[in-house]
Amino acid sequence: MIRTIRSALFYGGFAIWTLIWAIFSLAVAPLPLPARVWASRLWARAGVGWLHWSCSLRYRVSGLANIPATPCVIVANHQSALETLLFWCIFPQLSFVLKKELFRIPVIGWGLRLAWPIGIDRNGGREALLQVIEQGKLRLAAGFHVVIFPEGTRHPCGTVGPFSSTAAGLAIRAQVPLLPIAVNSGCFWPRTDWRKWPGIVEVHIGPALPPAGKAGSLNQQAHDWITAAIAEMGTRPAAKAL
């Protein structure tokens, strides 16, 4: 019961904050890109802070020393909406590759456009791949890390789905490192339950992979590392509901 109340408190507070921020974002939208990025980080960091306060759900990052000093392609498993917030707490400038339909969501869609994302048609095949490579290279050259969730959809706690090789292909074409990240957010923010579990979400940042060889081989290296990291984390929602 307490978990239900605290989860409802989170959603209520986060919805109010998002509406306030959306109005603010209208004023920020015409400003230069750095101001828009700052606004996106503000929304995400405040959301993560509210999640901690309302649901006792925190996060812990390991492997910060593995982050390259220069822009890279981030490849991460996808278990919940939480990682899109958490990454803004770790990296200063991000460009997410996401399905363009998300831009049509009232309020949220406005905010998604602020930080120079790459909106693609997930059924676009080769055209979508070429779009990611072309636009991704522009973002990387401007100092942005490009974030790609290669599973294409969320997977349950403890599991990793097959990866598309888009992230590896972009890293090789742009000649930047591929940075694997494993998260177990789905153990606390389940895809089948709107309620949140208290505890600590683990974010493990792996060694940066050099952009060498073929995309398929590089993609497999990233998949293997993330799969091993997820297996090590286990399925710990561990903490009992408060």
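Here are some numbered notes on this predicted model, going from the N-terminal helices to the cysteines, the salt bridges and the cores.

1. Start with the N-terminal stretch. UniProt, in an unreviewed entry, puts a "transmembrane region" at residues 9-31. In the model that span is 87% helix and 0% strand, and its end C-alpha atoms are 33 Å apart. Bear in mind that the label comes from the record, where annotations may be inferred rather than shown by experiment.

2. Helix 2 (residues 33-55) passes a simple length check. At 1.5 Å a residue, its 23 residues should span 33 Å, and the end C-alpha atoms are indeed 33 Å apart, so expectation and model agree. Just after the helix comes S56, which has a positive phi, near 55 degrees.

3. What does helix 2 pack against with its buried residues? The partners are helix 1 (2-28), strand 1 (57-62), helix 3 (82-90) and helix 4 (108-114). The buried set runs along the helix: R36, V37, A39, S40, W43, A44, G47, V48, L51, S54 and C55. As background for reading that list, an α-helix has 3.6 residues a turn, so residues three or four places apart point the same way.

4. On to the cysteines. The structure has one disulfide, between C157 and C187, with the sulfur atoms 1.9 Å apart. The link is right-handed, with 70 degrees about the S-S bond. It joins distant parts of the chain, 30 residues apart: C157 sits in the loop between strand 5 (145-148) and helix 6 (166-174), while C187 is in the loop between strand 6 (178-183) and strand 7 (199-205). C187 is buried, at 3% relative accessible area.

5. Two other cysteines are worth a look. C72 takes part in no disulfide, and its nearest cysteine sulfur, that of C89, is 17 Å away. C72 is buried, with a relative accessible area of 0%. Why is the sulfur of C89 not bonded to that of C55? The C55 sulfur is the closest cysteine sulfur to that of C89, but at 15 Å it is too far for a bond, given that a disulfide needs the sulfur atoms within 2.5 Å. C89 also counts as buried, at 15% relative accessibility.

6. The salt-bridge count is three. R3 pairs with D193, their closest N and O atoms 3.6 Å apart. This one links distant parts of the chain, with R3 in helix 1 and D193 in the loop between strand 6 and strand 7, 190 residues apart. Both R3 and D193 are buried.

7. D193 has another partner: it forms a salt bridge with R195, the closest N and O atoms being 3.2 Å apart. R3, D193 and R195 are therefore linked in a network of salt bridges. Within it, D193 has a relative accessible area of 18%, so it falls under the 20% limit for buried. R195 is partly exposed, at 26%.

8. The remaining bridge to mention is E202 with R60, where the closest N and O atoms are 2.3 Å apart. E202 lies in strand 7 and R60 in strand 1, so the pair ties together parts 142 residues apart in sequence. Is each end buried or partly exposed? E202 is buried, at 6% relative accessible area, whereas R60 is partly exposed, at 42%.

9. The largest nonpolar core has 42 residues, and those with the most contacts inside it are I74, L82, F87, F91, L94, F96 and I181. Two or more residues each come from helix 1, helix 2, strand 2 (73-76), helix 3, strand 3 (94-99), strand 6 and strand 7. I181 is a good place to centre the view: leaving aside neighbours within four places in sequence, its contacts include I74, V75, F87, F91, V203, I205, W225 and I226. There is also a second, separate core of 26 residues, with V97, V146, L209 and M233 among them.

10. Last, the loop between strand 6 and strand 7 again, this time at T192. T192 is exposed, with a relative accessible area of 75%. Its C-alpha atom is separated by 8.7 Å from that of P156, although the two residues are 36 apart along the chain.

Terms used:
Residues are numbered from 1 along each chain as its sequence is written. This is a predicted model: local features need pLDDT of at least 70, side-chain atom pairs count only at pLDDT 80 or more; totals for chains, interfaces and linings use all residues. Side-chain values use heavy atoms; hydrogens and water are left out. Helices (H or I, at least four residues) and strands (E, at least two) are DSSP runs, numbered from the N terminus. The expected span of a helix is 1.5 Å times one less than its number of residues. Buried means under 20% relative accessible area, exposed over 50%, partly exposed in between (1.4 Å probe, protein chains only). Contact means heavy atoms within 4.5 Å. A salt bridge is a side-chain nitrogen of Lys or Arg within 4 Å of a carboxyl oxygen of Asp or Glu. A nonpolar core is a set of buried Ala, Val, Leu, Ile, Met, Phe, Trp, Tyr and Cys residues joined through side-chain atoms within 4.5 Å.
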